[in-house]
Amino acid sequence: MTAPVLSVRGLSVRFLMPSGRRIAAVTDAHFDVAAGECLALVGESGCGKSVLASALLGLLPANAQAAGGAYLGDVDLLAADERTLARTVRGRLIGLIPQSPAAHLTPVRTVRSQLEETVVALTGTRGRAAVRQAAEAAAERAAFPAGHLDHHPHELSGGLAQRAATALALIGNAPLLLADEPTTGLDRDLVHHTVDELRRQVDVGRRALLVITHDLAAAERIADRMAVMYAGRIVEISDATAFFGLPGPRHPYSRGLLGALPERDFIPIPGMPPELGDLPDGCAFAPRCERATPTCTTLPAAAAGLVCHHPHVTEDLRA
Amino acid sequence: MLELQAITAGYDRKAPVVRDVTLSVAPGESVGLLGPSGCGKSTLARVAALLHRPDAGTLLLDGDPVRRWRHRAPCAQRTAIGVVFQQPRLSADPRLRLTDLIAEPLRATGRRDEVRERVAELAPSVGLTPDLLDRRPHEVSDGQLQRACLARALLLRPRWLICDEMTAMLDASTTAALVAAVEEYRSATGAGLLAVGHDQVLLGRWCDRTVSWEKLTSTEAGE
């Protein structure tokens with residue numbers, strides 16, 4: 001395996017609330033993403049997925065404190081100052097594919113003008129003809145039709161807006177792409193299309209891709225590895241084939257989440273996720289877990305990408 | 001019966017998004033309406049929910065034609081229908097606590113005295129705990145807010161439920177929980193359901209039958 005593009009080591013994010021409460025949005029996250037690999041980070045809404053993305057981009061609000069390390073090449077994203085983040089990281093080392101492309105694009109300017117601006121800002125291209133050509137090439141890379149380049153964002157369908165946002169994210173040739181809920185609100189065909197486009201960027205461009213999503217079907221289609229987040233903690237990291245096929249997820253929460261899909265059992269996990277400001281001492285999932293025992297009041301140690309006292313173990317592993 | 005007959009509706013008389021569509025839901029039946037984004041299925045759902053006056057066509061609610069829409073609709077017809085929308089954030093008043101959000105339909109129909117009892121009865125059935133009921137929308141997650149919006153839709157015990165992409169913003173477990181809550185209500189009351197969405201797998205699993213938008217509008221396929 002090649003050296004990872006992004007290594008996250010013990011990343012934690014705390015929000016300090018005016019009342020003096022501390023919200024544990026992300027706790028002790030460890031993972032790597034390599035070139036040509038897609039890691040999907042899944043979990044319920046409000047589990048801290050998007051906060052993790054903001055931490056990587058240095059876009060946390062002022063009342064947040066991040067600890068730990070996140071290394072992209074030789075840059076520590078958490079220690080970097082705003083100048084480094086703005087001049088070398090955002091767009092150049094990390095390309096962001098936003099949650100709602102229609103809101104991400106500037107509404108009063110055409111797609112072409114936004115692409116050209118980004119080309120000028122991120123690459124050394126100069127001269128009107130060269131910039132125009134580079135912008136068209138960028139649109140083509142994301143399969144954005146040339147005929148729509150002179151349209152404004154409101155004239156684009158959801159799928160086209162998504163491609164425009166992807167084209168913008170790809171211009172800087174960033175080794176890491178970060179897609180935050182790229183498929184929310186799109187219909188199934190568009191989800192497949194968007195996800196396949198992203199996958200193509202990973203395969204052809206040898207980029208590393210971190211997809212944050214709650215759409216398990218989309219994750220299954222795109223991911224090489226799955227990271228499952230619950231109440232701010234990554235509880236399981238697995239190979240995607242094993243996760244969706246056999247032997248299946250090992251953490252009871254991942255199992256419940258997968259079982260809730262309409263194409264599977266369609267049975268919800270009982271109860272609701274805990275408050276991030278009021279987490280139990282032990283395993284945060286224990287109150288909803290059918291395998292919970294008194295041991296679960298202590299925090300399980302992370303082993304083999306799994307944080308659980310009573311994981312589902314396959315027969316051959318147990319032997 | 002909830003009968004939509006030859007409905008034409010839209011936002012521009014010259015270019016209606018819904019053209020001559022007929023669809024009916026029998027009492028106790030659940031119908032899933034499938035279509036791609038932007039096809040007009042939500043507009044049709046708004047017509048069925050008395051929220052959008054169609055340009056042409058009739059809506060029959062239990063045999064009675066609907067003549068007035070939105071706030072002008074007679075109370076008996078309005079309260080026979082419960083609606084859940086796609087985006088809980090946009091369909092919840094940010095200033096109301098979840099209790100008041102859920103209780104609003106009772107207040108609006110002048111039945112304040114039933115509030116306490118009904119909210120206490122409904123909250124557990126959609127999975128809301130008492131501490132959540134005291135919060136305002138910005139203090140809860142999308143999933144929790146959508147649970148409250150579902151409780152609000154069920155408050156007046158409607159005979160018809162319209163769920164327009166109710167679960168599009170939600171994760172798998174919350175989706176399954178909300179669908180289970182709707183089905184529990186329907187099996188207790190025999191209410192009919194029109195569920196609009198784009199997820200064939202979900203609607204196929206959830207509803208008695210699914211109709212695709214193309215089928216409904218195939219008469220004008222040559223356009």
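Select chain A and colour it by secondary structure: eleven helices and ten strands appear, where helices (H or I, at least four residues) and strands (E, at least two) are DSSP runs numbered from the N terminus. This is a predicted model, in which local features need pLDDT of at least 70 and side-chain atom pairs count only at pLDDT 80 or more, whereas totals for chains, interfaces and linings use all residues. Residues are numbered from 1 along each chain as its sequence is written, while chains are lettered from A and ligands numbered from 1 in the order in which they are written.

With the whole of chain A still selected, orient the C-alpha trace along its principal axes, where it spans about 70 × 45 × 40 Å. The radius of gyration of chain A is 20 Å, which agrees with the value near 20 Å for a compact globule of 319 residues; this radius is taken over C-alpha atoms, and the globule rule is 2.2 Å times the number of residues to the power 0.38. Buried residues make up 46% of chain A, a residue being buried if 20 or more other C-beta atoms, placed from the backbone, lie within 10 Å of its own, exposed if 12 or fewer, and partly exposed in between.

Next, select A:Ala40, A:Leu176, A:Val211 and B:Leu194, which touch the most other members of the largest nonpolar core, a set of 166 residues; such a core consists of buried Ala, Val, Leu, Ile, Met, Phe, Trp, Tyr and Cys residues joined through C-beta atoms within 7 Å. Helix 6 of chain A, residues 158-170, gives the most to this core, with eight residues.

Moving to chain B, centre on B:Leu194: leaving aside neighbours within four places in sequence, its contacts include B:Leu2, B:Val25 and B:Ile162, with contact meaning that the C-beta atoms of two residues, placed from the backbone, lie within 7 Å.

The remaining stops concern the backbone of chain A. Most residues other than glycine have a negative phi, and most peptide bonds are trans. Select A:Leu246 and A:Pro247, between which the peptide bond is cis, with omega near 0 degrees; A:Pro247 lies in the loop between helix 9 (240-244) and helix 10 (252-259).

Then go to A:Asp28, in strand 2 (residues 22-34) of chain A, where phi is positive, at about 50 degrees, although the residue is not a glycine. A:Asp28 counts as partly exposed because it has 17 C-beta neighbours inside 10 Å.

Finish at A:Phe266, in the loop between helix 10 and helix 11 (315-318) of chain A, whose phi is also positive, near 65 degrees. With 18 other C-beta atoms within 10 Å, A:Phe266 is partly exposed.
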